[in-house]
Amino acid sequence: MQCDIGVRSDPDSDGAQPLVFSLVERTANSPYRALGTFTIADVETHSRWHPFTGRAHSGPLAGAQLRRLPAFIDHWGSWSRDFPATTVALAGDEMRTRPHVADLPGVLDPDAAHTSLGEVRLHSPALIDHRLPPAELVLGAGDAATGAAVAIPVAALRSHGGVLQTELAGRPLLFTLAGDFRGLVFERELDDAAVEFRPGSLVDHLGGTWDHLGTCHSGPRRGRQLSHAPDGYLSKWSEWSLAHPGADIIG
């Protein structure tokens, strides 16, 4: 988890042994550097990964994708109303003062772990996507095979009742939003058929009711669970668009 973006992925990428990850320095000849955020590498193979998409871009595991697990960032008031027994873990001072946490003008250390947005603006301004404000929160998903991607501003998703179904590269997807910022993206397919939902509702066309975690609680599909889209997460547009250039925008 970093700044106002939070993701959780299963470090077991191939069903064998879980990987151990660490921040890595980036140099001019680095095989891969994430833009607008830090870069991580697994200790076992030194493959380099994007921290939020969960995809390896260089090394022996290039092309591998970590399985997405649900994680959220939300206002404490909204979260604690739904989960009053939450255990709170506070990061220590060392975590709060790490270089990658800061995105300050003039902090352009070429060997820093964090590729600041300021550096992208300075050295690669053509990569900045100005279709949305940089700080606009979006919930998006990408397709590794085709490079296609789609994002919806959180405000627009909220106007749809926190539920929106669409397709990406032929994959039926479901976007959900609970609380203030608890957004998730699901693969909207079961038994080789798309699950169709009523507009703005988590009720499917068979009358089954679902929750925002992708679980069905009534109807013929009771007990079924939608899979999380592997590259679906909530972020600021400035970071998300650098990881998904040319993405379509809904809303």
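Start by selecting Asp143 and Arg171: their side chains are joined by a polar contact of 2.9 Å. Keep in mind throughout that this is a predicted model. Asp143 sits in the loop between β7 and β8. Is Asp143 buried or exposed? With a relative accessibility of 11%, Asp143 falls under the 20% cut-off, so it counts as buried. Show what surrounds it and, leaving out residues up to four places away in sequence, you get Ala148, Leu168, Ala169 and Arg171.

**Along β10**

Arg171 takes you into β10 (171-178). Select the whole strand: eight of its eight residues are buried. Now turn on the side chains. In a regular strand, side chains alternate between the two faces of the sheet. Here Arg171, Leu173, Phe175 and Leu177 point one way, while Pro172, Leu174, Thr176 and Ala178 point the other.

Next, add β9 (163-168). β9 and β10 run antiparallel and are joined by six bridges. One bridge to pick out is Leu168, whose partner in β10 is Arg171, the residue you started from. The two strands make a hairpin with two residues between them. Stop at Ala169 in that turn and check its backbone: phi is positive, about 50 degrees.

Then go to the other end of β10 and bring in β11 (182-187). How many bridges pair β10 with β11? There are six, again in the antiparallel sense. Leu177 has Gly183 in β11 as its bridge partner. This hairpin has three residues between its strands, and Gly179 takes a positive phi near 60 degrees.

**A buried arginine**

Carry on past β11 and select Arg188, in the loop between β11 and β12 (189-190). Its relative accessibility is 3%, so it counts as buried. Look for Glu196: a polar contact of 3.4 Å joins its side chain to that of Arg188. Widen the selection to everything Arg188 touches, ignoring residues up to four places away in sequence. The list includes Gln165, Thr166 and Glu167, then Pro172, Leu173 and Leu174. It also takes in Ala193, Ala194, Val195, Phe197 and Leu226.

**Into the core**

Nonpolar side chains tend to be buried together in soluble globular proteins. To see the largest nonpolar core here, which has 15 residues, select the members that touch the most others: Leu139, Ala141, Ile152, Leu157, Leu173, Phe175 and Val185. Which elements give two or more residues to this core? They are β7 (137-142), β8 (149-153), α4 (154-159), β9 and β10.

Centre the view on Leu139. Beyond its neighbours within four places in sequence, its contacts include Val150, Ala151, Ile152, Val154 and Leu157. Others on the list are Phe175, Thr176, Gly183, Leu184 and Val185, plus Tyr233 and Leu234. Apart from this core lies another, of twelve residues, with Phe72, Leu174, Phe186 and Val195 among them.

**An open sheet**

Now colour four strands in this order: β15-β7-β8-β16. They form an open sheet with mixed pairing. β15 (232-236) and β16 (248-249) are the edge strands, each with a single partner, so one side of each has no neighbour in the sheet. Zoom in where β8 meets β16: these strands run parallel and are joined by two bridges. Ala151 is paired there with Ile249 in β16.

**Rings across the chain**

Stay on β15 and pick Tyr233. Its ring pairs with that of Phe52: the centres are 6.0 Å apart and the planes stand at 40 degrees, so the pair is tilted. Phe52 is in the loop between β4 (48-49) and β5 (56-58), and the two residues are 181 residues apart along the chain. Both are buried. Add Phe38 and you have an aromatic cluster of Phe38, Phe52 and Tyr233. The structure holds six aromatic pairs in total.

**Zoom out**

Finally, show the whole chain as a cartoon. What is there to count? You should find five helices and 16 strands. Of its 251 residues, 44% count as buried. Take the contacts between residues at least 6 apart in sequence, and 53% of them join residues at least 24 apart. Switch on the surface to finish: the accessible area is about 12,700 Å², with 55% belonging to carbon and sulfur atoms.

Notes: Residues numbered from 1 in each chain as written. Predicted model: local features only at pLDDT ≥ 70, side-chain atom pairs only at ≥ 80, totals over all residues. Heavy atoms only, no water. Core = buried A, V, L, I, M, F, W, Y, C linked by side-chain atoms within 4.5 Å. Buried < 20%, exposed > 50% of the residue type's maximum accessible area, 1.4 Å probe, protein only. Contact = heavy atoms within 4.5 Å. Pairing = 2+ DSSP bridges. Polar contact = N/O pair within 3.5 Å; in protein donor to acceptor, adjacent residues only side chain to side chain. Phe/Tyr/Trp six-rings, centres within 6.5 Å; stacked < 30°, edge-to-face > 60°. Areas by Shrake-Rupley, 256 points an atom, 1.4 Å probe, with all protein chains shown as cover.
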